[in-house]
Structure formats: C-alpha cells, structure tokens
Amino acid sequence: MTTVSTNKDTRTTDPDFEAPRAEELAELLVRRTRPPRPGALSASMTFGWRAMLKIKHVPEQLFDVTAFPIMMVLMYTYLFGGALAGSVSSYVQFLLPGILVMSVVMITMYTGVSVNTDIEKGVFDRFRTLPIWRPAPMVGYLLGDVVRYLIASAVMLTVGVVIGYRPEGGLPGVLLGVVLLLVFSFSFSWIWTMFGLLLRSEKSVMGVSMMVIFPLTFLSNVFVDPRTMPGWLQAFVNNNPVTHVASAVRELMAGDWPGVDIAWSLGWSAVFVLVFGWVTMRLYNRK
C-alpha cells in the first residue's frame, strides 16, 4: 500500500521564511487604496436597477401596468361614453388623460408592498449596514417604479389612439403631460413607502392604500366635470391633488398651458416629498 503525502504550506516548513511583523502589515493596510464611497446618485441608481431585476425575474409584476390600464380604458370609455358625452369618440378626448392619471396613481401603492416584503425577508437589516447614502434604498424603489409608470402610460396612450383619442397638443403636449404625471407619481409614492415601513404585512399595506387611493381618484374630475356635482362635493374635488394633476395633463395634451394646475401639481409633489419623505426616513432609521 502506498501513502499519498499532502503538500503543506512552505511558510511553515521553510526555515528561511520570516513572517511579516505587525508594523509591516499595518503599513501595507494603510497604503492600500480603498475604493471611493458611492455617491447618492450611483447608490440610488443601483437600487433602482435592483428593482428592475425583480421585475425581470417575476414578469407577472407587469400585469398591473399592461392588462390593467387596457381594461380601464376600454371599460370606462365604452361603459360611460354614450351616457355622459353622447358618443365614445367625444368622451375619450376628455376621459383618456384623466384615466391615465388615475391608473398610474393607483399602481403607486405597489412601492409600499415591495418595501414591506423586503422588511419581512430581513433585507433592510443589511441595507442599513451599508456605507451608502441613507435614502438610497427608498429612492431606488421609486426610480424602479417610475419605469413601471412609463410603461403604463405608453400602453394607455397607445390604446387611446387606437380607439380614437387625438391629442391636439401633439407629441410635445403628450410628453409634457407624461413627465408631469411621472413627477407627481414619484412624489406620491413616498406615502406608500411610509406605510410599507409602518404596517406589519403587505396585506395591510394594500388595504390602507386602497382606502386612500379610491376617494382621491374617484372623487376627482377624471370622469366628469366637477360643475355637475353638489357644492359640498365640489369643494373636495376642486382641492383634490389628483384633480389638479388630471386637469394639467388634460390641458397639456390638448395644446394649452394650464399654469395654475401645473403649479398646484408641483406644489403637491413638493409637499409629499418633504412630509412623507421625512417621515419615511425617520421610520427607516428607527425600524
């Protein structure tokens, strides 16, 4: 029988080997160049790409930005078009910008669901230990969802054009309207990041989100002109942030410049970021 010898580290068998001293090791560590700390933008973009990769691995998440918008446009156009405007072609000119705002605002709630899911899995414990800009994980979620909002907008506008929507503002008006909607949706999503950190389960996040979104979207000028409503209801509708955004997007796509509604939409966006962004980061640091 033959025995197989194992190769041992020559540093333990070579009598001429001399281990480096502690001072030499410390000097080597000091001389070594550390990689630069990631900036706020690069860290946020990295987490945004992470959100996009989650969609890549679970493509079913795109259902709410493809099939849902198509269903909304077709259902409300053909269900209410004849009764409210006399014809589908007339009603779609008023409805489509509003239903676009409504659909995108409704899918913002999934930001909070994603945040809550990562908390339950323990991912956020790792995020807080990283030497990065503190809001980067939250901003990354929102940046990833902006792509979802853009896909939903493109799908709805395509369907609208097919069934007869013709924006008088042309491509520039449509692009301005979509950009304003994306800015508002990004800011509005901070509400759901707060709920995602505050509530215990994703079902709770979904339930509370629907309780907030439904009054804001349905009690607005998305479907009808507020002038046909009772006075007490007009007071709420006319001061609803969704109403301001829907009016601004509708007028921009029609070729007008609604300065007041644009200012209100941007003002609401700033309020959402300042208030709910601050609350979100307080919860995130103390979670």
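# Helix packing and contacts in an all-helix chain

From the N terminus on, the elements of this predicted model run α-α-α-α-α-α-α-α-α-α-α-α-α-α.

Biologist: How many helices and how many strands does the protein chain have?

Modeller: The order of elements from the N terminus shows α at each position. In keeping with that order, the count for the protein chain is 14 helices and 0 strands.

Biologist: Of the residues of the protein chain, what percentage count as buried?

Modeller: A residue counts as buried when its relative accessible area is under 20%. Applied to the 287 residues of the protein chain, that cut-off gives a buried share of 42%.

Biologist: Among contacts between residues at least 6 apart in sequence, what share join residues at least 24 apart?

Modeller: Contact here means heavy atoms within 4.5 Å. Among the contacts in the protein chain that join residues at least 6 apart in sequence, the share that join residues at least 24 apart is 78%.

Biologist: At what angle do helix H4 and helix H5 pack, and how far apart are their axes?

Modeller: Two packed helices are described by the angle between their axes and by the distance between the axes. Helix H4 covers residues 63-85 and helix H5 covers residues 88-106, and the crossing of H4 and H5 is right-handed. The angle is about 140°, and the axes are 9 Å apart.

Biologist: By class, how many nonpolar, polar and charged residues does the contact of H4 with H5 have?

Modeller: On the H4 side the residues in contact include Phe 68, Met 72, Tyr 76, Thr 77 and Leu 84, while those on the H5 side include Val 88, Tyr 91, Leu 95, Ile 99 and Met 106. Sorted by class, the contact of H4 with H5 has 16 nonpolar, 4 polar and no charged residues.

Biologist: Why is Thr 77 counted as buried?

Modeller: Thr 77 is found in helix H4, and, leaving aside its neighbours within four places in sequence, Thr 77 is in contact with Val 88, Tyr 91, Val 92, Leu 95 and Ile 163. Buried means under 20% relative accessible area. Thr 77 therefore counts as buried, since its relative accessibility is 1%.

Biologist: Which helix gives the most residues to the lining of the second largest pocket?

Modeller: The second largest pocket holds about 230 Å³ of space, and of the 15 residues that line the pocket, the closest to its centre are Gln 93, Phe 94, Arg 250, Glu 251 and Ala 254. The elements that give two or more residues to this lining are H5 and helix H13 (241-253). By class, the lining has 7 nonpolar, 3 polar and 5 charged residues. The element that gives the most, with 4 residues, is H13.

Biologist: Is Gly 255 buried, partly exposed or exposed?

Modeller: Gly 255 lies in the loop between H13 and helix H14 (259-286), and, not counting residues up to four places away in sequence, Gly 255 touches Glu 168 and Gly 169. Gly 255 and Gly 170 are 85 residues apart in sequence, yet 7.2 Å apart in space, C-alpha to C-alpha. Because the relative accessible area of Gly 255 is 49%, and exposed means over 50%, Gly 255 is partly exposed.

Biologist: Which residues does Ser 185 contact, leaving aside its neighbours within four places in sequence?

Modeller: Ser 185 is found in helix H9 (residues 170-188), where Ser 185 counts as buried at 0% relative accessibility. With its neighbours within four places in sequence left aside, the residues in contact with Ser 185 are Val 104, Thr 108 and Tyr 149.

Biologist: What distance separates the C-alpha atoms of Leu 182 and Val 146?

Modeller: Leu 182 is also found in helix H9 and is buried, with a relative accessible area of 15%. Not counting residues up to four places away in sequence, Leu 182 touches Val 146, Tyr 149 and Leu 150. Leu 182 and Val 146 are 36 residues apart along the chain, and the distance between their C-alpha atoms is 6.6 Å.

Biologist: Is Met 210 buried, partly exposed or exposed?

Modeller: Met 210 is found in helix H11 (residues 202-218), and, leaving aside its neighbours within four places in sequence, Met 210 is in contact with Met 106, Met 109 and Pro 215. The C-alpha atoms of Met 210 and Met 106 are separated by 8.2 Å. With a relative accessible area of 27%, Met 210 is partly exposed.

Conventions:
Residues are numbered from 1 along each chain as its sequence is written. This is a predicted model: local features need pLDDT of at least 70, side-chain atom pairs count only at pLDDT 80 or more; totals for chains, interfaces and linings use all residues. Side-chain values use heavy atoms; hydrogens and water are left out. Axes are lines fitted to C-alpha atoms, for helices over the stretch in contact, and angles run from 0 to 180 degrees between N-to-C directions. A crossing is left-handed if the near helix is turned anticlockwise from the far one by less than a right angle, and right-handed if clockwise. Ala, Val, Leu, Ile, Met, Phe, Trp, Tyr, Cys and Pro count as nonpolar, Asp, Glu, Lys and Arg as charged, and the others, Gly among them, as polar. On a 1 Å grid over the protein atoms alone, a cavity is a set of points where a 1.4 Å probe fits but cannot get out, and a pocket is an open set with protein on both sides within 12 Å along at least five of seven lines; lining residues have an atom within 4 Å of a point. Grid points are joined across faces, edges and corners, and a volume is the space filled by probe spheres set on the points. Buried means under 20% relative accessible area, exposed over 50%, partly exposed in between (1.4 Å probe, protein chains only).
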